[in-house]
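Trainee: Could you give me a close look at one side chain, buried or exposed, and then carry on from there through the rest of the fold? I'd like the cut-offs as you go.

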Amino acid sequence: MSEVVVTEATRSGEGGPPVSSGLRREGASLRVGAAVVWLSLIVLAPLAAITWQAGGGGWKAFQLAVTSHAALQSFRVTLTIAVGVTVVNVVFGLLIAWVLVRDDFVGKRFIDVIIDLPFALPTIVASLVMLALYGPASPVNVHLQHTAWGVGLALAFVTLPFVVRAVQPVLLEIDREVEEAAASLGASGPTIFRVVVLPSLLPALLTGAGLAFSRAIGEFGSVVLIGGAVPGKTEVSSQWIRTLIENDDRTGAAAISLVLLAISFLVLLGLRVVGARVTKRQENS
């Protein structure tokens with residue numbers, strides 16, 4: 001009886017792979033195929049389309065579009081504000097994640113839910129909220145409409161969750177016994193954080209920073225009202241893209257978009273490589 005079961009459980013004579021192994025391989029192939037097809041439809045095909053459109057006028061037209069005075073001004077405003085917002089969110093995102101994981105206080109669950117609110121809100125609502133708070137009728141008498149500070153606050157609002165949610169699960173998994181051992185040996189709180197905690201959090205911090213930066217340089221809805229698209233002052237690249245589209249310059253708009261995509265990809269790739277090296281160094285130490 002057992003011989004019959006063994007025989008039917010194999011595809012070919014001696015040493016043949018079990019049916020279950022074959023099914024697993026087939027299932028894995030189907031999953032990989034489905035993932036590749038879906039990724040191609042949702043990500044790769046649109047990227048190929050925007051690349052094709054950006055090159056529709058040739059290299060000279062592409063170069064003129066991305067090096068025009070208005071384009072360079074929009075890049076300067078976008079990158080300057082995005083870098084500043086990313087640095088601020090890394091600091092305060094880490095602080096918020098630490099408070100949510102390590103501290104107990106009234107309303108903790110409510111704050112934890114609020115963190116994800118920018119993900120749920122339409123970005124134009126974020127701009128409307130900022131305009132209501134910091135616009136001409138500001139209830140706190142702070143007027144930031146048509147200023148870089150207003151754009152920065154709007155971008156900080158929509159990108160903060162990326163840092164918090166990247167750091168929070170890693171912070172939950174850190175072994176508290178190592179920190180307690182360091183404290184018992186006389187290490188101060190800042191020293192424990194710098195030597196024990198921060199190295200473990202660094203890859204997650206870099207990931208969150210990369211996602212926040214990439215979102216910031218491509219953001220449109222949250223800055224459209226509070227920023228006002230003042231050339232050279234608050235007009236970010238996404239708003240300049242809209243202007244080009246309204247002027248029926250789709251090739252130029254695609255060229256600016258391609259530059260932003262390239263910047264995002266390079267930043268994410270660079271931070272991912274650095275994070276992987278930090279993780280490998282920790283594993284080897």
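Mentor: Start with L47: its relative accessibility is 35%, so L47 counts as partly exposed. The cut-offs are under 20% relative accessible area for buried, over 50% for exposed and partly exposed in between, with a 1.4 Å probe and protein chains only. You'll find L47 in helix α2, which covers residues 19–54; helices here are DSSP runs of H or I with at least four residues, strands are runs of E with at least two, and both are numbered from the N terminus. Now look across to L261: 214 residues separate it from L47 in sequence, yet the two C-alpha atoms are 8.9 Å apart in space.

Before going further, keep in mind that this is a predicted model, so local features need pLDDT of at least 70 and side-chain atom pairs pLDDT 80 or more, while totals for chains, interfaces and linings use all residues. Residues are numbered from 1 along each chain as its sequence is written, and side-chain values use heavy atoms, with hydrogens and water left out.

On to α13, residues 250–284. The 35 residues of α13 should span 51 Å at 1.5 Å a residue, and the end C-alpha atoms sit 50 Å apart, which agrees; the expected span is 1.5 Å times one less than the number of residues. Its buried residues include G252, A253, A254, A255, I256, S257, V259 and L260, and further along S264, G275 and V278.

α13 also helps to line a cavity. A search of the whole structure turns up 1 cavity of 30 Å³ or more, and the largest cavity has a volume of about 50 Å³. On a 1 Å grid over the protein atoms alone, a cavity is a set of points where a 1.4 Å probe fits but cannot get out, a pocket is an open set with protein on both sides within 12 Å along at least five of seven lines, and lining residues have an atom within 4 Å of a point. Points are joined across faces, edges and corners, and the volume is the space filled by probe spheres set on them. Around the largest cavity you'll see L206, T207, G210, L211, L268, L271 and R272. Both α10 and α13 supply at least two of these residues, with α10 giving the most, 4 residues. By type, the lining has 4 nonpolar, 2 polar and 1 charged, where Ala, Val, Leu, Ile, Met, Phe, Trp, Tyr, Cys and Pro are nonpolar, Asp, Glu, Lys and Arg are charged, and the others, Gly among them, are polar.

Then there's the largest pocket, with a volume of about 280 Å³. It has 14 lining residues, and the closest to its centre are I81, V85, A148, W149 and G152. α4 (69–102) and α8 are the elements that give two or more residues to this lining, and α4 gives the most, with 7. Here the split is 8 nonpolar, 4 polar and 2 charged.

α8 deserves a look too. Its 26 residues, 148–173, should span 38 Å at 1.5 Å a residue, and its end C-alpha atoms are 38 Å apart, which agrees. Still, α8 bends by about 40° at V158, and a proline, P161, follows within four residues; the bend is the angle between axes fitted to the seven residues ending at a residue and the seven starting there.

Now the rings. The whole structure holds 3 aromatic pairs. The ring centres of W59 and F62 lie 5.6 Å apart with planes at 25°, so this pair is stacked. Rings of Phe, Tyr and Trp (its six-membered ring) pair if their centres lie within 6.5 Å; planes under 30 degrees apart are stacked, over 60 edge-to-face and the rest tilted. W59 and F62 both belong to helix α3, residues 58–67, and sit 3 residues apart, about one turn. W59 is exposed at 61% relative accessible area, whereas F62 is buried at 16%. Another pair, W98 and F193, is edge-to-face, at 5.8 Å centre to centre and 75° between the planes. This one links distant parts of the chain, with W98 in α4 and F193 in α10 (residues 189–218), 95 residues apart. W98 is partly exposed at 24%, and so is F193 at 26%.
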